[in-house]
Amino acid sequence: MNTFAARSALAAAAALAVLATPGVAAAAPNLHGDPKTPGTQVQIESDPGDSNSYTCGAVGVAGAGVGSNSSGGAGQVNGAYFGPGPVQGGCVGSDGSVYFPTGNAE
């Protein structure tokens, strides 16, 4: 087995171990706007059964913000969004999990 094949096999085994670890497949938080609320904003929301709270930052074409939510609930991303558009987030869960959700400011 050459070096490239050995490293590829090791990387595949490591990825499989991470994906097979209990708790890794937890639902990720999502980012979305609320068209019923005046002004452009972004919310963090997790599934009702999710026991983690999340702290997230979201950067988009029209602004940026930081916020958090409670376990299984929604929370506001506080920042300045000057218009609707896509946002890219980075979230850390209360259990140390890390997610990079995408969404829209509305």
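Are Cys 56 and Cys 91 buried or exposed? I looked up both residues in this predicted model, and I noted that Cys 56 is buried and that Cys 91 is buried as well.

**Entry 1: the disulfide**

I searched for disulfides and obtained a count of one. The bond joins Cys 56 to Cys 91, with an S to S distance of 2.0 Å. I then placed the two partners: Cys 56 lies in strand E3 and Cys 91 in strand E6, 35 residues apart, and the pair thus links distant parts of the chain. For the geometry of the link between Cys 56 and Cys 91, I recorded 115° about the S-S bond, which is right-handed.

**Entry 2: the chain as a whole**

I next turned to the overall layout. The chain has one helix and eight strands, and read along the sequence it follows the pattern α-β-β-β-β-β-β-β-β. I noted that 31% of the 106 residues count as buried. For the accessible surface of the chain I recorded about 6,200 Å², with 63% of it belonging to carbon and sulfur atoms. I also looked at contacts between residues at least 6 apart in sequence, and 48% of these join residues at least 24 apart.

**Entry 3: the aromatic pair**

How many aromatic pairs does the structure hold? I found one aromatic pair. Tyr 54 and Tyr 99 form it in an edge-to-face arrangement, at 6.0 Å centre to centre and with 70° between the planes. The angle is over 60 degrees, and therefore the pair counts as edge-to-face. Tyr 54 belongs to strand E3 (residues 54-60) and Tyr 99 to strand E7 (residues 98-99); they are 45 residues apart, and this pair also links distant parts of the chain. I noted both Tyr 54 and Tyr 99 as buried.

**Entry 4: the surroundings of Tyr 54**

I stayed with Tyr 54 and asked why it counts as buried. Its relative accessible area is 1%, and buried means under 20%, so Tyr 54 falls in that class. Setting aside neighbours within four places in sequence, I listed its contacts, among them Ala 27, Pro 29, Ile 44, Ser 46, Asn 69 and Tyr 99. The contacts of Tyr 54 also include Cys 91, one partner in the disulfide. I further recorded that Tyr 54 and Asn 69, 15 residues apart in sequence, have C-alpha atoms 5.6 Å apart in space.

**Entry 5: His 32 and Val 42**

I looked up His 32 in strand E1 (residues 30-32). With a relative accessible area of 22%, His 32 is partly exposed. Beyond its neighbours within four places in sequence, His 32 is in contact with Gln 41, Val 42, Gln 43, Glu 45 and Asn 104. I noted 7.9 Å from C-alpha to C-alpha between His 32 and Glu 45, which are 13 residues apart in sequence.

Val 42, one of these contacts of His 32, sits in strand E2 (residues 42-45). I recorded 0% relative accessibility for Val 42, so this residue counts as buried. Apart from neighbours within four places in sequence, its contacts include Leu 31, His 32, Val 77, Tyr 81, Val 87 and Ala 105. The C-alpha atoms of Val 42 and Asn 30 are separated by 10.0 Å, and these residues are twelve apart along the chain.

**Entry 6: Ala 105**

I followed the contact of Val 42 to Ala 105, which I placed in strand E8 (residues 102-105). Ala 105 counts as buried, at 3% relative accessibility. Not counting residues up to four places away in sequence, Ala 105 touches Thr 40, Gln 41, Val 42, Tyr 81, Gly 83, Pro 84, Gly 85 and Val 87. Ala 105 and Tyr 81 are 24 residues apart along the chain, and I noted 7.3 Å between their C-alpha atoms.

**Entry 7: the nonpolar patch**

Which residues make the nonpolar surface patch? I found Val 92, Val 98 and Phe 100 in the patch, which covers about 310 Å². Val 92 is in strand E6 (residues 85-93), the strand that also holds Cys 91 of the disulfide. At 45% relative accessibility, Val 92 counts as partly exposed. I noted finally that Val 92 is among the contacts of Tyr 54.

Key:
Residues are numbered from 1 along each chain as its sequence is written. This is a predicted model: local features need pLDDT of at least 70, side-chain atom pairs count only at pLDDT 80 or more; totals for chains, interfaces and linings use all residues. Side-chain values use heavy atoms; hydrogens and water are left out. Rings of Phe, Tyr and Trp (its six-membered ring) pair if their centres lie within 6.5 Å; planes under 30 degrees apart count as stacked, over 60 as edge-to-face and the rest as tilted. Helices (H or I, at least four residues) and strands (E, at least two) are DSSP runs, numbered from the N terminus. Buried means under 20% relative accessible area, exposed over 50%, partly exposed in between (1.4 Å probe, protein chains only). Patches are made of residues with over 30% relative accessible area and no salt bridge: like charges are joined within 9 Å, nonpolar side chains (Val, Leu, Ile, Met, Phe, Trp, Tyr) within 5 Å. Accessible areas come from the Shrake-Rupley method with a 1.4 Å probe; for residues, only the protein chains shown count as cover. A salt bridge is a side-chain nitrogen of Lys or Arg within 4 Å of a carboxyl oxygen of Asp or Glu. A disulfide is a pair of cysteine sulfur atoms within 2.5 Å. Contact means heavy atoms within 4.5 Å.
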